[in-house]
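Subject: Structure handover

Hello,

Here is the structure I promised to pass on. Please open it alongside this note; my findings follow below.

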Amino acid sequence: MTSPLAALFLREWRVARRIGGSGAMGVVFFLTLVAIIPFAVGPDPNLLARIGPAILWIAALLATLLCLDRLFQADAEDGSLDLFPLAETPLELAVLIKCAAHWAATGLPLIIAAPFFGLMLQQERMALAGIVATLLVGTPALTLIGAIGAAATVTVRRGGLLMALLVLPLAIPVLIFGVSAAEAASGAATPFFAPFAILCAITLAALALCPFAAAAALRYLGE
């Protein structure tokens, strides 16, 4: 590949597939959470259909957090993280490319699997379409927000729990409007466009701000 950014994307995508942040692990964890919820709340189809979007969104959030702690860890272990600030490519852009590759390797499989898992929760066709649309828009924001926590805890051994504590409060707005839009698509009284537009705005704001925050954390830890 002639483009450094394309080469970086391909490298990060391959690394994300090999290490602990693989998409298969996220999908299996996603399936496990969706499968055990009916045992806790009961097999009532009406209840499962009502809370299905929230269950799928919470499972997607936790599965995303499960895969994020290794976003910068492999680079820190092999020393390549120290070379990123010395490259011609801005560190913020490198962080954005890493997040894009990580989302393609871990977030995209969750979105593809969501309709099939939604059938386990008695979701109708329109509800499944709304869940897929909201996850497609919202999961990039979860990855970008998680990059801040991953950058802040890159030097901490087994910092996955600390990263989750840092990221979860920031991810709550994404969860709220993602669930609201998904429930609206399933026939709720609230309109679909309003929460979906806010979810899109949150993702755009994360796209504009989170790479700079994560790059600043990496620079601070490298000093």
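What span should the 28 residues of helix H6 (residues 125–152) have at 1.5 Å a residue, and how far apart are its end C-alpha atoms? The expected span is 40 Å, and the end C-alpha atoms are 40 Å apart, so the two agree.

Keep in mind that this is a predicted model. Mean pLDDT for the chain is 84. A score of at least 70 is reached by 92% of the residues. Confidence peaks in H6, at a mean of 91. It is lowest in helix H4 (residues 73–78), where the mean is 72.

**Helix H6**

H6 has a bend. It is about 30° and sits at leucine 136. A proline follows within four residues, namely proline 140.

Threonine 139 is also part of H6. It counts as buried because its relative accessibility is 1%. Its side chain has a polar atom 2.5 Å from the backbone oxygen of leucine 135. Setting aside neighbours within four places in sequence, threonine 139 contacts Trp57, Trp103, Ile111 and Thr134. Leucine 110 is 29 residues away from threonine 139 in sequence. In space, C-alpha to C-alpha, the two are 9.2 Å apart.

**The loop before H6**

Glutamine 122 lies in the loop between helix H5 (91–119) and H6. Check its backbone: phi is near 65°. That is a positive value in a residue other than glycine. Glutamine 122 counts as partly exposed, because its relative accessibility is 40%.

**Cysteines**

How many disulfides does the structure hold? The count is zero.

Why is there no bond between cysteine 99 and the closest cysteine sulfur? That sulfur belongs to cysteine 210 and is 8.0 Å away, so it is too far for a bond. The cut-off for a disulfide is 2.5 Å between the sulfur atoms. Seen from the other side, the closest cysteine sulfur to cysteine 210 is that of cysteine 99, again at 8.0 Å and too far for a bond.

Are these two cysteines buried or exposed? Cysteine 99 counts as buried, because its relative accessibility is 3%. Cysteine 210 also counts as buried, at 8%.

**Where to look**

Start with the bend at leucine 136. Then turn to threonine 139 and its contacts, including Trp57 and Trp103. Finish with the positive phi of glutamine 122.

Best wishes

Note on methods. Residues are numbered from 1 along each chain as its sequence is written. This is a predicted model: local features need pLDDT of at least 70, side-chain atom pairs count only at pLDDT 80 or more; totals for chains, interfaces and linings use all residues. Side-chain values use heavy atoms; hydrogens and water are left out. Buried means under 20% relative accessible area, exposed over 50%, partly exposed in between (1.4 Å probe, protein chains only). Helices (H or I, at least four residues) and strands (E, at least two) are DSSP runs, numbered from the N terminus. The expected span of a helix is 1.5 Å times one less than its number of residues. The bend at a residue is the angle between axes fitted to the seven residues ending there and the seven starting there. pLDDT is the predictor's confidence in each residue, from 0 to 100. Contact means heavy atoms within 4.5 Å. A polar contact is a pair of N or O atoms within 3.5 Å; within protein, one must be able to donate a hydrogen and the other to accept it, and residues adjacent in sequence count only if both atoms are side-chain atoms.
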